[in-house]
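Visitor: Before we talk, please put the model on the screen, and then I will ask how its terms are justified.

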Amino acid sequence: MENSIETVYFLENPEKNIIKFATGTQLRYEDVIKEVFGVACINDLHMMLQYNKSFQTSICNSYGISEKKITLDKIIRIASKTDMLRLKKQLLEQQKNSINVMQLEEEYSIERPFDSIIKLQEGLYQWDDANFSYNAVTNGA
């Protein structure tokens, strides 16, 4: 069962102002890298980081770093609890902006975006339907 726990990744392309969350499986088998960065695979991202000047500049400006400090983990990394809170806020905003008549009678709710248990930087998290968020797993499950 432990092998089936998905790690959630945070992908950011500051040049095109794109932020996306994806699981390890989605990174391997879907076109997530292409959607966010416009290249076929992670290996091509190394080339972009090395040779694409406008991409380098956008990363430097976004993170307030010099070109020498640019690393792949600035644009692709394991998501954190803070990142997930940003995703929750974004999903709530999207829902508020696309209200329909049926939803007026119901409270806002968020569908679970990933598996019920996920791995983030801080450890394992389990989905809580009551709060529409992931909570830390404390009992070593």
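Guide: β2 (18-23) and α5 (81-97) each supply at least two residues of the lining of the largest pocket, and α5 gives the largest share, four residues. This is a predicted model, in which local features need pLDDT of at least 70 and side-chain atom pairs count only at pLDDT 80 or more, while totals for chains, interfaces and linings use all residues. Residues are numbered from 1 along each chain as its sequence is written, and side-chain values use heavy atoms, with hydrogens and water left out.

Visitor: What makes a residue part of the lining of the largest pocket?

Guide: On a 1 Å grid over the protein atoms alone, a pocket is an open set of points where a 1.4 Å probe fits, with protein on both sides within 12 Å along at least five of seven lines, and lining residues have an atom within 4 Å of a point. The residues that meet this include I19, K20, F21, L87, Q90, L91 and Q94.

Visitor: How do you know that the largest pocket holds about 220 Å³ of space?

Guide: Grid points are joined across faces, edges and corners, and the volume is the space filled by probe spheres set on the points, which gives about 220 Å³ here.

Visitor: Why are residues of the lining called nonpolar, polar or charged?

Guide: Ala, Val, Leu, Ile, Met, Phe, Trp, Tyr, Cys and Pro count as nonpolar, Asp, Glu, Lys and Arg as charged, and the others, Gly among them, as polar; the lining therefore divides into seven nonpolar, three polar and two charged residues.
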